[in-house]
4 protein chains.
Amino acid sequence: MSRGRLEAFSDGVIAILVTIMVLNLRPPSGDRFEDLRAMVPNLLIYVLSFVMLAIYWNNHHHLMQVVERIDGRVLWANMGLLFCLSLTPVATAWLGPHWRASGPVLAYGLVLLAAAIAYFILTTQLLRIHAPDSRLAVAIGQDWKGKLSMVGYVVAVLLAIVLPLAAIAIYIAIAVVWLVPDRRIERVAADRAAPPG
Amino acid sequence: MSRGRLEAFSDGVIAILVTIMVLNLRPPSGDRFEDLRAMVPNLLIYVLSFVMLAIYWNNHHHLMQVVERIDGRVLWANMGLLFCLSLTPVATAWLGPHWRASGPVLAYGLVLLAAAIAYFILTTQLLRIHAPDSRLAVAIGQDWKGKLSMVGYVVAVLLAIVLPLAAIAIYIAIAVVWLVPDRRIERVAADRAAPPG
Amino acid sequence: MSRGRLEAFSDGVIAILVTIMVLNLRPPSGDRFEDLRAMVPNLLIYVLSFVMLAIYWNNHHHLMQVVERIDGRVLWANMGLLFCLSLTPVATAWLGPHWRASGPVLAYGLVLLAAAIAYFILTTQLLRIHAPDSRLAVAIGQDWKGKLSMVGYVVAVLLAIVLPLAAIAIYIAIAVVWLVPDRRIERVAADRAAPPG
Amino acid sequence: MSRGRLEAFSDGVIAILVTIMVLNLRPPSGDRFEDLRAMVPNLLIYVLSFVMLAIYWNNHHHLMQVVERIDGRVLWANMGLLFCLSLTPVATAWLGPHWRASGPVLAYGLVLLAAAIAYFILTTQLLRIHAPDSRLAVAIGQDWKGKLSMVGYVVAVLLAIVLPLAAIAIYIAIAVVWLVPDRRIERVAADRAAPPG
């Protein structure tokens with residue numbers, strides 16, 4: 001089964017998700033520059049969601065570079081990831097105007113948590129059909145960053161009930177941690193050109 | 001004629017259809033977590049439509065792997081399939097808030113039936129230009145699953161007039177049957193690497 | 001300059017145009033099957049626009065198969081075509097509910113005419129950098145179908161002022177003529193595999 | 001790291017941005033041809049934004065042709081560019097009906113300025129990992145056009161406060177300058193086929 005079309009389809013979906021979030025950025029009805037002020041929270045939440053989706057695209061890109069084969073279960077695990085990511089725009093649209101309220105902060109965190117779990121399942125399904133000494137297995141390793149992110153989202157989601165702003169701070173912190181591209185996979189991928197022995 | 005651009009165009013259209021359905025998931029106007037409850041039917045119908053489109057993408061992906069050539073009629077049969085699939089978002093948008101009413105359930109089923117027929121026509125057009133012992137012909141075989149789905153949709157559509165919920169149950173059942181990737185084609189595609197003799 | 005990315009970008013834009021027209025197909029507010037009746041004109045106009053865009057994709061696909069090189073002017077001629085095609089959704093959205101009025105029928109025809117002219121300019125720019133005996137020049141030939149379509153659109157646009165329905169009939173007739181894939185190019189493209197002598 | 005998927009993702013995002021701007025072109029509510037007159041400013045601003053995005057796609061296309069390698073920082077610089085470009089539709093939607101007011105003209109200019117800076121950063125990041133005598137370094141050269149555009153946008157943005165129409169004239173002038181494809185890179189890319197010695 002070819003991984004090329006899987007990459008193309010995932011790229012397509014993520015590119016569209018990134019851009020349709022813009023449709024929720026409505027311009028002000030007035031025409032003064034100060035009228036933009038009301039858009040600021042929406043814009044900042046859009047930045048956060050854009051970065052989150054860009055991180056997933058980046059990690060997906062790195063992951064696929066060391067994948068040797070895929071099968072039906074990998075295809076569906078990937079669809080599960082795309083489904084979770086597809087809820088980002090609606091979670092963003094709700095959070096934008098209500099970023100101080102528990103409900104939208106909680107819902108946003110649940111979407112991020114679901115995406116993190118779906119990504120974890122995708123790596124699990126890929127590991128199932130790769131050798132323990134494969135480039136992929138070496139690159140993923142213990143996946144501490146992925147596991148800690150899931151713990152972080154669980155904590156943030158619980159915290160959102162009482163302290164929504166603290167939960168948002170955790171979302172931002174996790175995004176910052178991931179902004180650094182996955183050196184593990186980048187290193188392994190760079191080795192590809194080098195002779196195996 | 002190259003099948004690469006046909007795949008790329010189909011992937012693009014399906015990726016966009018999957019994602020623009022999200023635009024119909026409007027966030028609640030309130031800011032409490034309980035306000036999400038009103039979104040639940042919409043969300044479940046979205047899951048169903050997402051899975052349906054993902055199944056078509058998956059099957060299209062598998063089908064194209066064993067295609068050896070395409071022609072003008074195949075291009076148009078493929079366009080017909082994309083047209084039918086493109087009605088999914090509007091059918092989903094109608095069904096979301098009216099999932100207990102006959103009309104929207106019936107219309108949703110007609111779109112699914114039309115897509116199933118269009119896919120059947122696409123396979124027919126492909127078989128026309130492939131040898132009876134081609135990988136494609138072997139992979140499609142009698143296509144019981146495709147034919148039974150069409151019968152299932154006809155039954156569901158008729159049932160929708162009196163028992164809309166039973167019709168939805170049939171739609172879900174057909175989706176579940178298809179969730180299993182097409183072993184026939186996957187087996188034949190896997191044979192590709194093996195020597196023909 | 002590679003033609004691959006030009007194809008990919010054009011496919012992307014056309015795939016998105018085809019699908020965002022669906023966003024203008026609003027589901028009825030009622031929940032009875034009969035409520036769909038009000039959607040019928042919109043749906044039929046959508047079919048027409050879908051077919052028109054599919055024809056352009058098809059012809060673009062065939063044209064690009066015999067292209068040997070592109071340059072900056074070809075890139076911009078292609079952008080001009082994509083711009084004209086990008087007006088299809090708004091022309092469709094206006095025509096849908098007003099298909100008996102002169103204004104929207106006229107505007108729709110002007111968009112079709114502009115796209116036909118842009119496609120003609122694209123072929124002219126391609127011919128400029130291909131030899132008179134190139135596969136491309138042979139395939140395009142006198143381009144009677146393209147020239148007659150432009151004449152047809154001019155007639156239809158003038159007719160729209162007094163007889164909107166007759167203009168729509170001409171739009172449909174031109175679409176039907178183009179539905180047949182371009183045999184000229186298909187023949188030349190098929191020859192590609194055959195030895196040149 | 002492969003540049004192919006970076007190109008594909010960027011193409012996808014730009015293609016979607018170009019087309020979703022069309023969603024802000026609402027058809028008139030009336031059905032007379034004269035009703036289109038109210039759309040004219042919106043349409044002209046759409047043309048400007050379409051041309052701007054097409055220029056970025058064109059330059060990105062040319063730039064990538066001479067890129068030999070990318071890394072994580074290039075990926076993020078590219079994401080930054082896509083983010084700035086993604087604000088074009090909302091800036092366009094605000095400017096359309098308010099093209100005589102300082103605020104929207106200023107905001108539109110800030111988006112253009114941000115995109116120009118992001119493109120400059122992308123070239124800087126690429127130069128960092130290419131040799132000074134690489135095809136890329138030769139092609140970019142002193143980048144006078146890029147630097148002058150940034151100065152032009154700064155002037156225009158300041159001017160927008162007192163003379164919005166003059167600022168729009170500068171935006172158009174910069175677009176016209178860029179409409180000419182980047183001869184420098186086109187020349188270097190054309191040399192690629194020629195032997196290096």
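Angles under 35 degrees between helix axes count as roughly parallel, those over 145 as roughly antiparallel, those from 65 to 115 as roughly perpendicular and the rest as oblique. Axes are lines fitted to C-alpha atoms, for helices over the stretch in contact, and angles run from 0 to 180 degrees between N-to-C directions. The structure is a predicted model, in which local features need pLDDT of at least 70 and side-chain atom pairs count only at pLDDT 80 or more, while totals for chains, interfaces and linings use all residues. Residues are numbered from 1 along each chain as its sequence is written, and chains are lettered from A and ligands numbered from 1 in the order in which they are written.

For the complex, the predictor gives an ipTM of 0.85 and a pTM of 0.88. Chain A has a mean pLDDT (the predictor's confidence in each residue, from 0 to 100) of 88, and 90% of its residues reach 70 or more. Among the elements of chain A (helices, H or I, of at least four residues and strands, E, of at least two, taken as DSSP runs and numbered from the N terminus), α5(A) has the highest mean pLDDT, 96, and helix α9 (residues 183-191) the lowest, 56. Over residues 192-197 of chain A, pLDDT stays under 50, and the model has zero contacts beyond four places in sequence for this stretch; two residues are in contact if their C-beta atoms, placed from the backbone, lie within 7 Å. Where pLDDT is low, the predicted coordinates should not be read in detail.

Within chain B, α5(B) and helix α8 (residues 164-179) pack at an angle of about 25°, with their axes 9 Å apart. The two helices α5(B) and α8(B) are therefore roughly parallel to each other. The contact joins B:S102, B:V105, B:G109 and B:L112 of α5(B) to B:P164, B:A167, B:I168 and B:Y171 of α8(B). By class, these residues comprise six nonpolar, two polar and no charged; Ala, Val, Leu, Ile, Met, Phe, Trp, Tyr, Cys and Pro count as nonpolar, Asp, Glu, Lys and Arg as charged, and the others, Gly among them, as polar.

The contact between chains A and B takes 27 residues from chain A and 27 residues from chain B. On the side of chain A, α1 (4-20), α3 (72-86), α4 (88-95) and α5 (102-128) each give two or more residues, with the largest share, eight residues, coming from α1(A). This side of chain A has 19 nonpolar, seven polar and one charged residues.

The contact between chains B and C takes 26 residues from each of them.
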